[in-house]
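Please report on the helix and loop geometry of the model shown here, with attention to burial and contacts.

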Amino acid sequence: MDYSIIYLIHIVFGGPLLIYGGYAGKTLSEKHKDEQYMNVFMMLMFVGALLILYHGYKILKMKGILKMN
């Protein structure tokens, strides 16, 4: 089975959605001076970026562009 469509969906929709959710939450936390949840939204942005990097790596490896031993 070709998983490239799944990887692309995660890269195009999943990661940016997590990053945007983290950014929006972080700006709302700053606006209302609620420091308690600031780290949660920063972690959400980090997970979104990590998701894009991981699935980008997987699709490049699957297509043979990136060759690892």
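What covers the buried residues of α1? The cover includes α2, where helices are DSSP runs of H or I of at least four residues, strands are runs of E of at least two, and both are numbered from the N terminus. This is a predicted model, in which local features need pLDDT of at least 70 and side-chain atom pairs count only at pLDDT 80 or more, while totals for chains, interfaces and linings use all residues. Residues are numbered from 1 along each chain as its sequence is written, and side-chain values use heavy atoms, with hydrogens and water left out.

The buried residues of α1 are Ser4, Tyr7, Gly15, Gly22, Gly25, Lys26 and Ser29; buried means under 20% relative accessible area, exposed over 50%, and partly exposed in between, with a 1.4 Å probe and protein chains only. Serine 4 touches Ile59, Met62 and Lys63, not counting residues up to four places away in sequence, a contact being heavy atoms within 4.5 Å.

| Residue | Location | Relative accessible area |
|---|---|---|
| Serine 4 | helix α1 | 9%, buried |
| Tyrosine 37 | loop between α1 (4-31) and α2 (38-63) | 42%, partly exposed |

A kink of about 35 degrees is centred on histidine 10 in α1, the bend being the angle between axes fitted to the seven residues ending at a residue and the seven starting there. Just after α1, lysine 33 has a positive phi of about 55 degrees. Further along, tyrosine 37 lies 26 Å from isoleucine 11, C-alpha to C-alpha, with the two 26 residues apart in sequence.
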